[in-house]
Amino acid sequence: MLRSSPSTTDGDLVREVLAGRREAYEELVRRWTPRVLAVCHAKVGRRGMSEDLAQEALLRGYVGLRTLSEPEKFGSWLHGIAVRTCLDWLKAKERTQVSFSDLGAPASPEDVFAGPDSGPASPSSAIEREDDVKQLLEEVEALPEEYRTVILLYYYDDVTYRDIAGMLGVSPATVNLRLTRARALLRRRLGALHQSAPGDEP
Amino acid sequence: MSCEDIWNLISARIDGQLTEEDRGRLEAHLVECAACRSIDGSFRAGDAALRRAFVPGRRAAAGVAERTVSRLRASRERSLARRRVLQLAAAAAAGFTLAVLVFRPWAGTPPAPEVTKAAPPAVAAELAFATGGVEIQPGDGAAWRPLGKGEGAGAGARIRTAPRALAEVRMADGSTVRLNESTEVRIERSRGLDLVRGRLWSEVARAETPFVVTVPDAAVTALGTKFDVELEPGKTWLTVLEGATKVTGSGEAEIVRAGERVTIEGGVVKARTQEVVFATRWVNRLLLQKGEEGKTELASRLEDLLAAIGDEKIMHLREAELEDLGESCVRPLLSYLASPRSRGRAEGQETAVRVIARIAPRWAVRDIIVHLLPHENGTVRHAAARALERLTGETRGLKPEDWERKPLAELEPAYHEWLAWWEENKARYPAER
């Protein structure tokens, strides 16, 4: 389930890029996109826009790579860029509310996770499950930011607490705690969804 | 240990992050605490639900990564091309050493990609033009829907043309792919597509990453070239118009070069022919309907064909034989002189222009003024001025031999004089029938 620790570290790849082998950044992009997307999704509250913001953050990372003083800390540095990219956008959006109005209401359940092949597959049970999925994602997006950030980071990618901790600059125990609180909040809000699980008390 | 601490351990166990020591503690607690057993059950169910719910999100993340990579590549290629031009310019102006010092090719500074605020999502391809119905299937299993001009398609999308509809697709890397009628392709990435059925023509933008078109039994790879691929039952036709392509199938890879037309059967390159001139004429139908831009390209395809014919004539016929052909050889010879094919080939140029000077009819006046008076070769200019004197009775104040003697820069006013003359008198020199 968990990502096996990569033989080439982020620091190695950063140094390769700076030494002129620019293709090495592509590996960093593939490695980090899910987590950058998760951070942007957590910041702006819906996936559609966060895809563009994640891409921009990754490109900004490439442009500014020379300013990264500790190559091993690429992840937390990139996290900072992603957050700033989102804040820039949110600020610009406030200023130019009108021109962004065509982007639609934020966090509407239809445009969040409306994957290309999420059309109805089989009758009732699948549709019911789809409604559950929508409701679940809506609740995730409604969590306090620090909780939804860890949930999104954890489920967008196959990562350890340590990976998330390194990116957010907190301890693995804090990641554990936030994930637990997030799950408890989701459980309370979506009680009906979770109660029929095996292993439950009668 | 409180129940709330236990919840952290429950979470950690689900996530595979539990230490052995904590595992013992957790299991002991669960035996005696029903409330925590319930939490354990609902956390697990929640985890499973979240994993299911994030499947589309993970797929989207993979798409974002690929789009970012293609933008990086595109910007790398652009900056490489820019740098080469600058280096050439500097090398020409100040010598190679200075160019190396100024541009320090070893420094390898990452170039700035064109980062724009909240840019629209990058796409692998977009529909540039269509003469009829074109549809897109955004992902495997999704419903087909009409694709409008200017609309994008991401990696993994399929595009198909209706019967009698032709389409032009612009890839994110700048390559152009044209689809014949009843054709279907799957966009793999900005430099790769799968031909599912029908026929495509592509003009591949030059880049380090190979451009790959896959067919059922082979892959056609190109770096920067024009080629045409047609699927037939059990057989693929490949026609290469410019550059070269590599065909990788079941056997050893084979190179197919410009001017060759081959079939690929069972992953092997078979029958080679040289008849490429008419092989891609289906593209002309698309160009005819494309308005001004299409007409320009169609005209340049025709011009290129004529220049090739002129080139052949110069190579295979003696001057007297060319003259005997009469008017029919004038158009190809004019095209040859105006095309890059004749560049640096003084002997061929001079033969061509001597024939033109002797036999060109009145409709050639415009081409002689526009293309031959400013020619790099003085002999060509001289003969062109003689031809104009013969056809129009005019010299515009400059003797024909002056067109050869004087440097090109000094001839510019005389050239403009002729252009102005043409504007006033063109009605008297009708175009070729």
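A:Cys40 has 0% relative accessibility and so counts as buried. This is a predicted model, and its cysteines make a useful entry point.

No disulfides occur in any of the chains: the total is 0. A:Cys40 is therefore unpaired, since a disulfide needs sulfur atoms within 2.5 Å and the nearest cysteine sulfur, in A:Cys86, is 3.5 Å away. Chain B offers a similar case. The closest cysteine sulfur to that of B:Cys33 belongs to B:Cys36, at 3.7 Å, which is too far for a bond. B:Cys33 is buried, with a relative accessible area of 14%.

Next, the nonpolar interior. The largest nonpolar core holds 78 residues. Within this core, A:Tyr25, A:Val36, A:Phe74, A:Ile151 and B:Ile10 touch the most other members. Helix H2 of chain A, residues 24-44, is the biggest contributor, giving 12 residues.

A:Phe74 shows what such a position looks like. Neighbours within four places in sequence are set aside here. A:Phe74 then contacts A:Asp10, A:Val14, A:Tyr25, A:Leu28, A:Trp32, A:Leu65 and A:Leu68. One of these, A:Tyr25, is also among the core residues that touch the most other members.

A second core, separate from this one, has 37 residues. Its members include B:Ala352, B:Ile368, B:Ala384 and B:Leu391.

Back in chain A, consider helix H3, residues 47-63. The helix has 17 residues. From first C-alpha to last, H3 reaches 24 Å, close to the 24 Å expected at 1.5 Å a residue. H3 of chain A is also mostly covered, with 14 of its 17 residues buried.

Conventions. Residues numbered from 1 in each chain as written. Chains lettered and ligands numbered in written order. Predicted model: local features only at pLDDT ≥ 70, side-chain atom pairs only at ≥ 80, totals over all residues. Heavy atoms only, no water. Buried < 20%, exposed > 50% of the residue type's maximum accessible area, 1.4 Å probe, protein only. Helix = DSSP H or I, 4+ residues; strand = E, 2+ residues; numbered from the N terminus. Expected span 1.5 Å × (residues − 1). Core = buried A, V, L, I, M, F, W, Y, C linked by side-chain atoms within 4.5 Å. Contact = heavy atoms within 4.5 Å.
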